[in-house]
Amino acid sequence: STIHFRNCKIFIGGYHLSTSFTEFNVEYGAEQLDETAFGDTNRIYKGGLLTARMSGKAWCESGVGAIETVLFGLVGVEFTPVIVFANGMTVGTQTDKGFAMLGIIDTFNIGSPVGTLLPIDFGVASHGIEP
């Protein structure tokens, strides 16, 4: 069934930050490796390494445990856990769909014109499996 995207639960670095976010994206893919050789009449691709990325937009809130403080402090930190449940969480269920990865927050942007609410956007790239 379709999901009314309004009850998303977002956890980053052990902090529950859902109430600050206005947008959240999960991107999962694979690199395309070109296997085209002489004599082929069209490109031939093979699936390569898997890629994962999460990003989001939020309203700036500062203070202990608030989104600006947490995200800014985690920029560049390896193996930061990022977990998102698109339609909330129900205790004891096995049907809630969620995504999780260990990543590195590689972008943190803050800024807006005068007189507006201050937005934040950030991105996190998958770091792979912890050694």
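In this predicted model, F79 sits in the loop that runs between α1 and β5, and this residue has a positive phi of about 60° although it is not a glycine. Most residues other than glycine have a negative phi. The two elements on either side of that loop belong to a wider arrangement, in which seven strands form an open sheet and α1 packs on that sheet. The points below take up the sheet, the helix and core, the aromatic residues, the buried serine in β4 and the cysteines in turn.

**Sheet**

- The strands follow one another in the order β2-β1-β5-β6-β7-β4-β3, and their pairing is antiparallel.
- The edges of the sheet are formed by β2 (15-16) and β3, each of which pairs on one side only.
- Between β1 and β5, which run antiparallel, there are four bridges, and within this part of the sheet F11 has I83 in β5 as its bridge partner.
- The strands β5 and β6 are also antiparallel and are joined by six bridges, with V82 standing opposite M101 in β6.
- Seven bridges connect β6 with β7, again in the antiparallel sense, and here I110 has I120 in β7 as its bridge partner.

**Helix and nonpolar core**

- The helix α1 touches β1, β2, β3, β4, β5, β6 and β7, and its direction makes about 95° with that of β6.
- The largest nonpolar core holds 20 residues, of which I12, F21, F24, L71 and F122 touch the most other members.
- At least two residues of this core are supplied by each of β1 (9-12), β3 (21-34), β4 (45-59), α1 (67-74), β5 (80-85), β6 (98-110) and β7 (119-126), while the largest share, four residues, comes from α1.
- Leaving out residues up to four places away in sequence, L71 touches I12, I105, F108, I120 and F122.
- As general background, nonpolar side chains in soluble globular proteins tend to be buried together.

**F24, F122 and the aromatic pairs**

- Where does F24 lie, and is this residue buried or exposed? F24 is found in strand β3, and it counts as buried because its relative accessibility is 8%, under the 20% limit.
- When residues up to four places away in sequence are not counted, F24 touches F5, I10, M54, S55, G56, V82, V84 and F122.
- One of these contacts, M54, is 30 residues from F24 along the chain, and the C-alpha atoms of the two residues are separated by 7.4 Å.
- The model contains four aromatic pairs; in one of them, the rings of F24 and F122 have their centres 6.3 Å apart and their planes at 45°, so that this pair is classed as tilted.
- Because F24 lies in strand β3 and F122 in strand β7, this pair ties together parts that are 98 residues apart in sequence.
- Both F24 and F122 are buried, and ring pairs link these two residues with F21 into a cluster.

**S55 in β4**

- Strand β4 includes S55, a residue that counts as buried because its relative accessibility is 15%, again under the 20% limit.
- Apart from its neighbours within four places in sequence, S55 is in contact with E23, F24, N25, E27, F122 and G123, a list that includes both members of the tilted F24 and F122 pair.

**Cysteines**

- How many disulfides does the model contain? The count comes to zero.
- Why does C8 form no such bond? The closest cysteine sulfur to that of C8 belongs to C60 and is 19 Å away, which is too far for a bond, since a disulfide calls for sulfur atoms within 2.5 Å.
- The same distance holds when starting from C60, whose closest cysteine sulfur is that of C8, at 19 Å.
- With a relative accessible area of 15%, C8 is buried, whereas C60, with a relative accessible area of 23%, is partly exposed.

Notes: Residues are numbered from 1 along each chain as its sequence is written. This is a predicted model: local features need pLDDT of at least 70, side-chain atom pairs count only at pLDDT 80 or more; totals for chains, interfaces and linings use all residues. Side-chain values use heavy atoms; hydrogens and water are left out. A nonpolar core is a set of buried Ala, Val, Leu, Ile, Met, Phe, Trp, Tyr and Cys residues joined through side-chain atoms within 4.5 Å. Buried means under 20% relative accessible area, exposed over 50%, partly exposed in between (1.4 Å probe, protein chains only). Contact means heavy atoms within 4.5 Å. Rings of Phe, Tyr and Trp (its six-membered ring) pair if their centres lie within 6.5 Å; planes under 30 degrees apart count as stacked, over 60 as edge-to-face and the rest as tilted. Two strands pair if DSSP finds at least two bridges between them. Axes are lines fitted to C-alpha atoms, for helices over the stretch in contact, and angles run from 0 to 180 degrees between N-to-C directions.
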